[in-house]
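Please examine the sequence and the three-dimensional structure shown below. The paragraphs that follow lead through selected residues, helices and a pocket.

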Amino acid sequence: MLFDMDLERLREYRPEPQEPADFDAFWAKTLAETARYDVDARFVPYETGLATVDVLDVTFRGWDGQPVKAWLMLPKQRSGPLPAVVQYIGYNGGRGIPYAWLTWSALGYAHLVMDNRGQGGGGKHTADTPDIGPDGHGSSSPGFLTRGIEDPHRHYYRRLITDAVRAVDAAKAHDAVDAGRVAVLGGSQGGGLALAVAGLRDDVAAAVADVPFLCHYRRASQITDAGPYAEIARWLSGHRFRIEEAMETLSYFDGVNFAARANAPAWFSVGLMDRVCPSSTVFAAYHRYAGPAEIEVFPYNGHEGGAEYDLPRKLGALRGVFGA
């Protein structure tokens, strides 16, 4: 059922963003610290028995130079550098097995699927990348939104978003990839990561953000009791006097703020019955997106949004951007 705003109000919804004054400096410093490490992308052939797709087991250096896993799928029949799609995965998922990710290589593109550090402890796809360091952990079940919520420098999403930025460099490092034609995409958490990368890099060709998570945290935590946003409300119910501190930390990782810095063409989607990522949080990011953007609305769908039925729209959009 509908529980958020109606579509007419959503099309006008432009909330005042919570944006820290040092947002740009914070991210410039974070990415500069990681840039000290070469991306060192390594591609190892992975035997799948597939007749039409080559699969490579990828390891690259993400946040703080730490190893991050990925898959790279390439059409076996290819000539010249290919347009590439870098895909980010939803909450508590990981890269899983390569057989789950064959669509984009079947369409003729290079396709890199980034693993989620420390996630994949109970989702559909498992992860192979631990979250290393004093604030990290191995594969884990949900609870990432409040890990390091006291300090943006220690927050989990500082590490994961940095990994996502570096995944584009990893894709570009392969000689089968046309470095000038790399798009980012994902759904839910993956959509939020795609927005972050589009806001932090000026060299992505396009961004596709389906039912994006990691947007407009304060409203999300107040209007839905579904996870993962419920983690914030649960933490604040115990830490009653730390609301503004927590929201200040989360504002460094808010897709609404990244969207304001993104210039690549973007395609959003939203389900008006989505209790996981409420529609107003998606529209808040969409309306603040600085580049050209379109949004597909699914009035009777929840967090699944358009699912596979929306693929032709996204394929058409990327063909227009890539010219292929």
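L107 is partly exposed in this predicted model, because its relative accessible area of 29% lies between the 20% limit for buried residues and the 50% limit for exposed ones. The residue sits in the loop that connects α3 with β5 (110-114). Its C-alpha atom is 25 Å from that of F60, and the two residues are 47 positions apart along the chain.

Strand β2 spans residues 53-61 and contains D57. With a relative accessible area of 17%, D57 falls under the 20% limit and therefore counts as buried. Two polar contacts involve the side chain of this aspartate. One, at 3.0 Å, is made with the side chain of K69, and another, at 2.9 Å, is made with the side chain of R95. When residues up to four places away in sequence are set aside, D57 touches R42, F43, V44, Y46, K69, A70, W71 and R95. K69 and R95 thus appear both among the residues that D57 touches and as its polar partners.

Beyond β2, the loop leading to β3 (67-75) holds D64. D64 is partly exposed, at 34% relative accessible area. Its backbone deserves attention, since most residues other than glycine have a negative phi. The phi of D64, by contrast, is positive, near 60°. V211 also has a positive phi, of about 35°, although it is not a glycine. V211 lies in the loop between β7 and α6, and its relative accessibility of 5% makes it buried.

The loop between β7 (206-210) and α6 (217-223) also holds C215. How accessible is C215? Its relative accessibility is 0%, so it counts as buried. Its contacts, not counting residues up to four places away in sequence, are with L195, A220, Y229, D254, G255, V256, T281 and A285. Another cysteine, C277, is 62 residues from C215 along the chain, and the C-alpha atoms of the two are separated by 8.3 Å.

Two of the residues that C215 touches, T281 and A285, are among the buried residues of α10. This helix comprises residues 279-288 and is mostly covered, with nine of its 10 residues buried. Those residues are S279, S280, T281, V282, F283, A284, A285, Y286 and H287. Their cover includes the helices α1 (7-10), α5, α6 and α9, together with the strands β8 (266-271) and β9 (293-298).

Helix α2 presents another pattern of burial. Its 13 residues, 23-35, reach 18 Å from the first C-alpha to the last, close to the 18 Å expected at 1.5 Å a residue. Within α2, the residues F23, F26, W27, T30 and T34 are buried. Why do the buried residues line one face of the helix? Seen down the axis of α2, they fall within an arc of 90°, so they line one face. These buried residues pack against four helices, namely α4 (156-172), α5 (189-200), α8 (243-251) and α9 (255-259). Helices α5 and α9 thus pack against the buried residues of α2 and also help to cover those of α10.

A further backbone feature occurs in the loop between α6 and α7 (230-238), where P228 is placed. Most peptide bonds are trans. The bond that joins G227 and P228, however, is cis, with omega at about 0°.

The loop between β9 and α11 contains D310. D310 is buried, because its relative accessible area is 4%. Outside the four places on either side in sequence, D310 touches D210, S269, E296 and F298.

The final topic is the largest pocket, which holds about 970 Å³ of space. It is lined by 33 residues, and the closest to its centre are Q87, W101, G187, E308 and K314. Two or more lining residues come from each of β4 (82-88), α3 (103-106), β6 (177-187), β7 and α11 (311-322). Which element gives the most to the lining? Strand β6 does, with three residues.

Methods. Residues are numbered from 1 along each chain as its sequence is written. This is a predicted model: local features need pLDDT of at least 70, side-chain atom pairs count only at pLDDT 80 or more; totals for chains, interfaces and linings use all residues. Side-chain values use heavy atoms; hydrogens and water are left out. The expected span of a helix is 1.5 Å times one less than its number of residues. Buried means under 20% relative accessible area, exposed over 50%, partly exposed in between (1.4 Å probe, protein chains only). The arc is that of the directions from the helix axis to the C-beta atoms. Contact means heavy atoms within 4.5 Å. A polar contact is a pair of N or O atoms within 3.5 Å; within protein, one must be able to donate a hydrogen and the other to accept it, and residues adjacent in sequence count only if both atoms are side-chain atoms. On a 1 Å grid over the protein atoms alone, a cavity is a set of points where a 1.4 Å probe fits but cannot get out, and a pocket is an open set with protein on both sides within 12 Å along at least five of seven lines; lining residues have an atom within 4 Å of a point. Grid points are joined across faces, edges and corners, and a volume is the space filled by probe spheres set on the points.
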